[in-house]
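Trainee: Could you take me through the strand pairing here, and set each claim against its definition?
Mentor: Gladly; let us look at the model.

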Amino acid sequence: GSKIAAFLPKNSASLPFPFLLSSSSSTRILVSFPPRSAFFGSILVEGLGRRVKETPLRSTTVTAAVKRRKEVPFDSVIERDKKLKLVLKIRNILVKQPDRIMSLRELGRFRRDLGLTRKRRFIGLLRRFPAVFEIVEEGVYSLRFRLTPEAERIYLEELRSREEMEQLLVVKLRKLLMMSLDRRILLEKIAHLRHDLGLPAEFRDTICQRYPQYFRVVPTDRGPALELTHWDPELAVSAAEIAEEENRIREAEERNLIIDRAPRFRRVNLPRGLNLSKGEMRRLSQFKEMPYISPYSDFSGLRPGTSVKEKHACGVVHEILSFTLEKRTLVDHLTHFREEFRFSQQLRGMLIRHPDMFYVSLKGDRDSVFLREAYRGSQLIEKDRMLLLKEKLRALVMVPRFPGGGAQKSDETEKADGTSGGRSGVKVSRVLPVLMVHQITGFLN
């Protein structure tokens with residue numbers, strides 16, 4: 001978030017799309033880097049069109065296969081959020097109701113959306129999260145539920161935070177479009193990344209319409225698409241480039257030296273315990289030695305299946321993950337963008353081939369990909385306000401139904417009809433233990 005925040009919208013002139021790299025011949029059109037600047041954006045389009053005689057890039061066909069290694073810290077992140085993911089699904093349904101209150105019978109219509117296949121009563125499910133949902137009894141056969149005051153406060157804080165960070169969300173969308181082949185992406189595909197990027201549910205009717213200087217919604221034969229209306233060269237700099245520049249400046253200050261060289265990304269940093277074969281290490285080192293290709297460069301001339309195209313694709317995935325709140329997303333979400341970014345059909349295999357940058361977890365219903373450098377163990381290194389609010393909600397989710405224990409086993413086998421089934425099943429705990437309430441309130445404050 002802090003790296004993207006450096007590029008909040010400015011009034012800059014519209015410039016043509018930069019063409020930074022082509023591997024079609026031995027003569028390449030390159031960016032001519034002037035003396036180093038603390039800010040890359042202002043120099044990305046200088047020197048365009050200068051033809052430089054140079055040894056052609058080695059563009060070998062990628063055939064290597066790397067065995068995936070299981071890493072518990074990343075897998076534990078997926079396991080940890082299973083309950084939270086279900087609670088968020090229920091909450092998203094609930095907040096669309098008038099006054100944010102809903103009957104249990106009506107919730108039964110969303111069983112498939114919630115991914116619930118086992119037969120169980122919803123009253124038993126909601127009772128598992130007493131600090132998030134409270135059940136209101138209205139007669140013998142009528143039960144309704146709503147958010148607890150603590151969960152309600154977190155939800156309202158999330159709405160305020162999303163409004164305050166709207167400019168940052170605009171930058172994310174602009175940069176996503178700038179990386180795409182035609183500067184246009186179907187809204188349906190962007191919606192797959194909505195939660196990961198922090199976009200509001202109605203982003204098409206809000207963000208996309210409020211900024212005609214940046215976006216326009218255009219009809220296509222496959223549905224409406226979001227199109228970029230203004231190219232800003234100051235945004236055409238990746239998180240990897242920013243991090244490398246920051247490291248260079250820090251190293252220069254430490255050594256009291258001025259370093260003047262083109263950006264390279266050669267160090268292969270592997271986590272402790274991840275042992276690769278000599279062949280795998282050699283391939284990773286050779287890949288690192290290749291010149292960095294900006295994800296904002298023109299890639300229409302790069303041949304699919306080559307190491308040069310894979311270098312570009314890794315840069316695009318790295319940049320997309322840097323946009324996300326938790327620096328991770330589902331592999332399936334990335335595959336939706338195969339056409340826009342010319343990703344390989346074996347995208348998952350490509351991610352596994354680069355364990356120094358990405359980790360692919362097989363936990364959960366679908367595979368997830370993590371940006372390795374953003375994590376220390378199972379914890380994110382940098383957390384924005386939205387992430388801190390999510391952690392507060394997670395703390396409420398983990399509050400047990402009964403003090404000193406979890407939900408009773410009978411909750412796992414209750415049959416579903418969305419109602420109480422009579423007075424015998426209506427007994428609802430309305431108040432948390434006093435000590436527990438004080439602990440939660442203290443945490444939220």
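Mentor: Start with one residue pair: I135 stands opposite F145 in β5. Please keep in mind that this is a predicted model, in which local features need pLDDT of at least 70, side-chain atom pairs count only at pLDDT 80 or more, and totals for chains, interfaces and linings use all residues. Residues are numbered from 1 along each chain as its sequence is written, and side-chain values use heavy atoms, with hydrogens and water left out.

Trainee: How do you know that β4 and β5 pair?
Mentor: Two strands pair if DSSP finds at least two bridges between them, and strand β4 (residues 133-137) is joined to β5 by 5 bridges, so the two count as paired, in the antiparallel sense. Strands are themselves DSSP runs of E, at least two residues long, and helices are runs of H or I with at least four, numbered from the N terminus.

Trainee: What makes β3 a partner of β5?
Mentor: Strand β3 (residues 101-103) shares 3 bridges with β5 (residues 143-147), again antiparallel, and I101 has R146 as its bridge partner.

Trainee: Why are β6 and β7 called edge strands?
Mentor: The open sheet has 3 strands in the order β6-β8-β7, paired antiparallel, and β6 (184-186) and β7 (215-218) each pair on one side only. Between β7 and β8 (residues 225-228) there are 4 bridges, with R216 bridged to E227.

Trainee: What makes you say that helix α6 packs on the sheet?
Mentor: Contact means heavy atoms within 4.5 Å, and α6 (residues 166-179) touches β6, β7 and β8. The direction of α6 makes about 85° with that of β8, where axes are lines fitted to C-alpha atoms, for helices over the stretch in contact, and angles run from 0 to 180 degrees between N-to-C directions.
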